[in-house]
Amino acid sequence: LRVGKNEQFKTIKEAVAASKSGDSILVERGHYREGNISITKPLTLIGIGRPVLDGEMKYEIISMRASHIHISGFKIINSGEDEIKNIGAVRLYNSEYSSITNNIFENNYFGIYIQRGYRCLIANNKIITLRSKSQEGVGDGIHGWVSDELWIKNNYIEGHKDGIYLEKVINSYIYRNYSTKNLRYGL
């Protein structure tokens, strides 16, 4: 399935709704303001020419609510902010064997939030925010909660509360990440 100005689908949400489990969605260059994109089946989303997904300072941009979801090649910016709901750019909910790779994250509250993940890969992402000068005004670059066998490698993280924060995460592989200028802990 293809998404873009001159493609079959004009929005990512339309393509996700029309897709079947296991499909790939190719998203052409452009600026997409679609609120929250909730993915509830195994899909692969690939950005071509670094399309921008803009949360307009209101939304969790991508919610991954299934296993075997893969997101790669996007610039994901301006997520909403909520300390209670931990809103961020991309959140994995009870997801297994999913991946978030080769993306740029800018100006988000949380960058990537993994909740009850299993064997998920977070690799080669650039995660930067200059959103706040206080710990209360920003979340973590990568936050893992109650997860097992996460692979977090080769990410660059800057300006968040914590670069990588793991809570009740076991048997995981954290390798060659560069975390700098975060407000509390580098890792």
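**Exercise 1.** In which sense do strand β8 and strand β11 pair, and over how many bridges?

*Solution.* First, the ground rules. This is a predicted model, where local features need pLDDT of at least 70 and side-chain atom pairs count only at pLDDT 80 or more, while totals for chains, interfaces and linings use all residues. Residues are numbered from 1 along each chain as its sequence is written, and side-chain values use heavy atoms, with hydrogens and water left out.

Step 1: find the strands, which are DSSP runs (E, at least two residues) numbered from the N terminus. β8 covers residues 70–72 and β11 residues 99–101.
Step 2: check the pairing, which takes at least two bridges found by DSSP. These two strands pair in the parallel sense over three bridges. One partnership to look up: H70 is bridged to S99 in β11.
Step 3: zoom out. Both strands appear in an open sheet of eight strands, ordered β1-β2-β5-β8-β11-β14-β17-β20 with parallel pairing. At the edges you'll find β1 (2–3) and β20 (173–175), each paired on one side only.

**Exercise 2.** Classify the ring pairs F110 with Y113 and Y156 with Y178.

*Solution.* Step 1: recall the cut-offs. Phe, Tyr and Trp rings (for Trp, the six-membered one) pair if their centres lie within 6.5 Å; planes under 30 degrees apart are stacked, over 60 edge-to-face, and the rest tilted. The whole structure has six aromatic pairs.
Step 2: take F110 and Y113. Their centres are 5.2 Å apart and their planes at 75°, so call this pair edge-to-face. Both F110 and Y113 are buried (under 20% relative accessible area; exposed is over 50%, partly exposed in between, with a 1.4 Å probe and protein chains only). Together with Y109, they form one aromatic cluster.
Step 3: now Y156 and Y178. With centres 5.6 Å apart and planes at 20°, this pair is stacked. Y156 lies in β18 (residues 156–158) and Y178 in β21 (residues 178–180), so the pair ties together parts that are 22 residues apart in sequence. Y156 is partly exposed, at a relative accessible area of 25%.

**Exercise 3.** Work out the surroundings of Q115.

*Solution.* Step 1: place Q115 in strand β13 (residues 110–115).
Step 2: check burial; its relative accessible area is 13%, so Q115 is buried.
Step 3: list contacts (heavy atoms within 4.5 Å). Not counting residues up to four places away in sequence, Q115 touches R91, L92, Y93, N94, W145 and S147.
Step 4: follow R91. Its charged end sits over the ring of Y113, 4.1 Å from the centre (the test is NZ of Lys or CZ of Arg within 6 Å of the ring centre and within 35 degrees of the ring normal).

Conventions:
Helices (H or I, at least four residues) and strands (E, at least two) are DSSP runs, numbered from the N terminus.
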